[in-house]
Amino acid sequence: MRLLKRLTASRPFQIAAGVLAADYLRLVWATNRFVVDPPDIYDRIDADLPAICVFWHGQHFLAPFLSRRYRSKVIISRHRDGEINAIAVERFGIGTIRGSGSHDRDFHRKGGARAFRAMLEALAQGYNIASTADVPKVSRIASMGIVKLAAASGRPVYPVAIATSRYKRLDTWDGATINLPFGRGAVAWGERICVSRDADDATLQSARQDIETAVNAVTRRAYALVER
C-alpha cells in the first residue's frame with residue numbers, strides 16, 4: 001500500500017496519468033453524438049459572461065469540453081488525485097485554481113479561502129469559473145461557497161450536466177461516472193440563478209437550495225436525453 005501511494009504521488013506517474021486521461025476524454029467526446037438542451041443556450045449565456053458553471057462531483061469528467069468554448073478556469077482540489085485532474089485539464093488549455101470547499105473546519109487547510117479569492121479575481125478578469133456544486137465527501141448537497149461566490153462577484157450561476165448513454169458508475173462517495181465512447185451524449189443546461197450582493201442569510205440559503213435543485217434537475221434531464 002505504501003509503495004502504491006508513493007507511485008501515485010510521484011510526478012512522472014501523475015503526468016502520465018493526466019495525459020492518458022485527457023486523450024481518453026477526447027476519444028469519448030469524439031465518438032459520442034452529443035445534443036445540447038436547450039439548443040439556444042449558448043446564445044443566452046453569451047450575454048451573461050463571465051458566469052459560474054456548476055455540476056456534481058463524479059459527473060465532471062467531460063467538463064473541460066464546456067470550458068474550451070469560453071475563456072475559463074476550473075477549480076480542482078489539492079489532493080494527489082486532483083493533481084492528475086489538473087494535468088488533464090491543462091492539456092485542454094484551461095487554467096486551474098487549486099483548492100476545495102468543505103463543510104468542516106479544515107476549509108483553510110484545503111485551500112478553500114485562497115481558492116475563493118482566486119475565483120473572484122478570475123471572474124473580475126473576465127474568466128468563467130467551472131466548479132462542482134458539492135464539496136468532497138458530501139455528495140449532491142450544494143455548498144454555500146458557490147452561493148457566496150455568486151453574491152460577492154455579482155455573476156450568475158448556470159447549472160449544467162453532461163451524460164453519455166454508455167458509462168460505468170463506480171462505487172465511490174460521489175458515484176463517479178466514467179463516460180464510455182461510441183454512444184449518445186447530452187449536455188443539459190438550466191436557467192441562470194442570480195444572488196444579490198447584499199443577500200441576507202435566509203436568501204443565501206434559499207439560493208443554495210435553488211442551485212441544488214437545479215443541478216439535480218439538469219442531471220436527470222441529461223440522462224433522460226441519452227436514454228431515449
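A crossing of two helices is right-handed if the near helix is turned clockwise from the far one by less than a right angle. Keep that in mind as we walk through this model, which is predicted. The crossing of α6 and α7 is right-handed in just this sense, and the pair makes a good place to begin.

Let us take the geometry of the pair. Two packed helices are described by the angle between their axes and the distance between the axes. For α6 and α7, the angle is about 40° and the axes lie 10 Å apart. That angle makes α6 oblique to α7. On the α6 side, the contact is made by F116, M119, L120 and L123, and these meet G145, K148, L149, A152 and S153 of α7. Sorted by character, the residues of this contact come out as six nonpolar, two polar and one charged.

Now look at α6 by itself. Helix α6 runs over residues 112–124, which gives it 13 residues. From first C-alpha to last, α6 reaches 18 Å, close to the 18 Å expected at 1.5 Å a residue. Which of its residues are buried? They are G112, A113, A115, M119, A122 and L123. Two of these, M119 and L123, also take part in the contact with α7. The cover over the buried residues of α6 includes four strands, namely β2 (52–55), β3 (72–76), β4 (95–98) and β5 (128–132), along with α7 (144–153). After the helix comes G126, with a positive phi near 95°.

Strand β3, part of that cover, holds a residue worth a stop: K73. K73 and A122 are 49 residues apart along the chain, yet their C-alpha atoms are separated by 7.5 Å. Leaving aside residues up to four places away in sequence, K73 touches I94, G95, I97, A122, Y127, N128, I129 and A130. If you center your view on K73, you can pick out A122 of the buried set in α6 among those neighbors.

From α6 we move along to α7, by way of the loop between β5 and α7. Two residues there deserve a look at their backbone angles. K137 is found in this loop, and its phi is near 75°, a positive value in a residue other than glycine. R140 sits in the loop between β5 and α7 as well, and it has a positive phi of about 65° although it is not a glycine. How accessible are they? K137 counts as exposed because its relative accessibility is 65%, over the 50% cut-off. R140, at 28%, counts as partly exposed.

In α7, the buried residues are I146, V147, L149, A150, A151 and S153. What covers them includes β2, α6, β5, β6 (157–164) and α8. A glycine follows this helix too: G154 comes after α7, with a positive phi near 75°.

The mention of α8 brings us to a second helix pair. Helix α8 covers residues 201–227, and α7 packs with it at an angle of about 115°, with the axes 9 Å apart. That makes α7 roughly perpendicular to α8. Here again the crossing is right-handed. From α7, M144, I146, V147 and A151 make the contact, and from α8, L204, Q205, A207, R208 and I211. This contact divides into seven nonpolar residues, one polar and one charged.

Leading up to α8 is a loop from β9 (183–189), and A199 lies in it. Is A199 buried or exposed? Its relative accessibility is 18%, and the cut-off for buried is under 20%, so A199 counts as buried. A199 and K148 are 51 residues apart along the chain, with 9.3 Å between their C-alpha atoms. K148 is one of the α7 residues that contact α6.

To finish, turn back to an earlier part of the chain for two peptide bonds. The bond from D37 to P38 is cis, with omega near -5°, and P38 falls in the loop between β1 (32–37) and α3 (41–46). L49 and P50 are likewise joined by a cis peptide bond, with omega about -5°. P50 lies in the loop between α3 and β2, and β2 is part of what covers the buried residues of α6 and of α7.

Technical notes: Residues numbered from 1 in each chain as written. Predicted model: local features only at pLDDT ≥ 70, side-chain atom pairs only at ≥ 80, totals over all residues. Heavy atoms only, no water. Expected span 1.5 Å × (residues − 1). Buried < 20%, exposed > 50% of the residue type's maximum accessible area, 1.4 Å probe, protein only. Contact = heavy atoms within 4.5 Å. Axes fitted to C-alpha atoms, helices over the stretch in contact; angles between N-to-C directions. Parallel < 35°, antiparallel > 145°, perpendicular 65-115°, else oblique. Nonpolar A, V, L, I, M, F, W, Y, C, P; charged D, E, K, R; others polar.
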